[in-house]
Structures are given as structure tokens and as C-alpha cells.
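Could you walk me through this structure in the viewer, one selection at a time? I would like to know what to pick next and what to look for there.

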Amino acid sequence: VRQMVVYGYARLVGYDDTYQLKPDILRDVDVFEGRIFTLHLRTGHRWSDGAPFTSADFAYWWEHVAQNPELSPNGPPEIMRVGNDLGTMSFPGKHTVVISFPLANPNYLQTLAQASPPFIFRPAHYLKQFHENFNTPEAMEAMIDAKRVRSWAPLHNKMDNMYQFDNAALPTLQPWVVASGTSSRQLFIRNPYFHRVDARGTQL
């Protein structure tokens with residue numbers, strides 16, 4: 001089912017039919033000195049469940065997933081590094097994310113556009129319930145027991161696999177939403193909040 005993410009090809013930036021990089025999920029992106037990337041989100045963009053998609057979803061990933069030693073024991077992933085130097089992420093507005101590196105990172109946008117994308121955002125409104133910083137110990141323990149995992153971190157990771165596309169409850173920005181649960185028959189339905197439209201303004 002992860003091929004649905006490959007074929008759906010909704011990316012922060014992606015390649016068009018002439019193999020040029022263009023904003024896709026993003027409204028626009030500005031690059032300064034090849035090392036500072038300002039991501040501009042679309043006003044009104046929503047996750048597949050209707051919740052707003054904002055810079056808070058990037059902040060949740062950066063502050064509570066990428067830098068959490070239990071969820072990311074090796075630290076932030078390669079997408080946030082240039083050589084041995086770690087970049088930073090800041091959030092000056094609801095629809096603005098700034099990613100800064102100490103050195104030029106010429107392959108950054110190409111990495112965002114690849115077939116297996118680095119998801120540098122998460123549906124915070126959904127995943128917070130599985131994070132120890134945002135829920136009570138009693139509620140966490142009940143979910144850990146129900147999912148038969150050892151602690152809250154495996155629970156969060158199990159519910160958070162955006163590329164694997166195996167959690168029907170996990171909101172997505174992809175064109176298709178999995179609707180088959182744990183069945184061996186895979187059923188997908190259209191994402192009612194998918195952002196792309198054709199030349200006449202009809203939602204794709």
C-alpha cells in the first residue's frame with residue numbers, strides 16, 4: 001500500500017512533466033543563499049479529516065518527534081543535516097516555516113521531491129494523543145495495552161507511519177485515503193480536501 005504514496009505523488013515540492021521543481025503541497029518556497037528555505041503553506045489547506053494543515057504540524061514533528069530521544073534515538077534525520085551540521089526549523093507564522101542550514105544545501109528541494117519523501121510534518125492534532133507529553137499516563141497505559149506494545153514510543157511509531165499508509169485513522173495530504181482497515185483487500189477513497197485543481201478550478 002505504500003505505493004499509493006509513490007503514485008499519488010503529493011509532495012511539498014515536486015517535479016512537473018518537464019522535470020522542473022515546483023511547489024505542490026506548498027504555495028511557494030523561497031531559497032536564500034542555498035541554505036535558508038522559507039516554506040509558504042496554502043491558506044485553508046486541510047488534512048483528509050478536515051483539520052487545518054499549518055506550521056504547527058511542522059513544529060510538532062521537529063520539536064516532539066525528530067528531537068525526541070525515544071522516538072528518534074539517532075537524532076533528527078539526514079534531511080535536516082548538511083554534512084555533520086544540523087539545521088534548524090522555525091515557525092514565524094501559521095503558514096510559514098523556515099528551515100536554515102549553516103552551509104548551502106543544494107539537494108534539499110530534490111530530496112523533498114523524491115519518491116519516498118521525508119515527511120518533515122505530522123498531523124499533530126491526531127498524533128498528540130499517542131505522545132507522552134500530551135496525554136495522561138492513565139490514557140497512555142490503556143492505549144499501550146490495547147495495541148500490545150511495550151511503551152508509548154512504539155505506540156506512537158505504530159500509529160505514525162505516513163509512508164507505509166497502513167493506519168486508516170492517520171490523516172493524510174495524499175490524493176487517496178486508505179479505507180480498508182486491516183482487511184487484506186485494500187480500498188482507497190478520494191481525499192475530500194486534496195489541494196490540486198485543474199485549469200477550470202475543479203478539484204482533482
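Here is a short tour of this predicted model, with a selection to make at each stop.

**Stop 1: strand 4.** Select residues 36-41, which make up strand 4. Are its residues buried or exposed? Six of its six residues are buried. Colour I36, T38 and H40 one way and F37, L39 and L41 another: these are its two sides, and both are covered. In a regular strand, side chains alternate between the two faces of the sheet.

**Stop 2: the strands paired with it.** Add residues 26-32, strand 3, which runs antiparallel to strand 4 and is joined to it by six bridges. Now add strand 8, residues 96-100; this pairing is antiparallel as well, with five bridges to strand 4. F37 is a handy residue to centre on: its bridge partner in strand 3 is V31, and in strand 8 it is I99. Before moving on, look at the hairpin of strands 3 and 4, where three residues lie between the strands and E33 takes a positive phi near 60°.

**Stop 3: helix 2.** Select residues 55-66. This helix of twelve residues reaches 15 Å from its first C-alpha to its last, close to the 16 Å expected. Nine of the twelve are buried, so helix 2 is largely enclosed by the rest of the structure. Show the side chains of the buried ones, including F58, Y60, W61 and W62. What do they pack against? Their partners include strand 4, strand 7 (88-93), strand 8 and helix 6 (152-159).

**Stop 4: the core around F58.** The largest nonpolar core has 54 residues, and F58 is among those with the most contacts inside it, along with I99, Y108, I120 and F121. Helix 2 gives the largest share of this core, six residues. Zoom in on F58 and, leaving aside neighbours within four places in sequence, you will find it in contact with L39 and L41, and also with F53, M89, F91 and F121, among others.

**Stop 5: the rings.** Of the 14 aromatic pairs in the structure, pick F53 and F121. They meet edge-to-face, 5.4 Å centre to centre with 70° between the planes. F53 lies in the loop between strand 4 and helix 2, and F121 in the loop between helix 3 and helix 4, so the pair ties together parts that are 68 residues apart in sequence. Both residues are buried. To finish, add W47, F58 and F119 to the selection: ring pairs link them with F53 and F121 into a cluster.

Technical notes
Residues numbered from 1 in each chain as written. Predicted model: local features only at pLDDT ≥ 70, side-chain atom pairs only at ≥ 80, totals over all residues. Heavy atoms only, no water. Buried < 20%, exposed > 50% of the residue type's maximum accessible area, 1.4 Å probe, protein only. Helix = DSSP H or I, 4+ residues; strand = E, 2+ residues; numbered from the N terminus. Pairing = 2+ DSSP bridges. Expected span 1.5 Å × (residues − 1). Contact = heavy atoms within 4.5 Å. Core = buried A, V, L, I, M, F, W, Y, C linked by side-chain atoms within 4.5 Å. Phe/Tyr/Trp six-rings, centres within 6.5 Å; stacked < 30°, edge-to-face > 60°.
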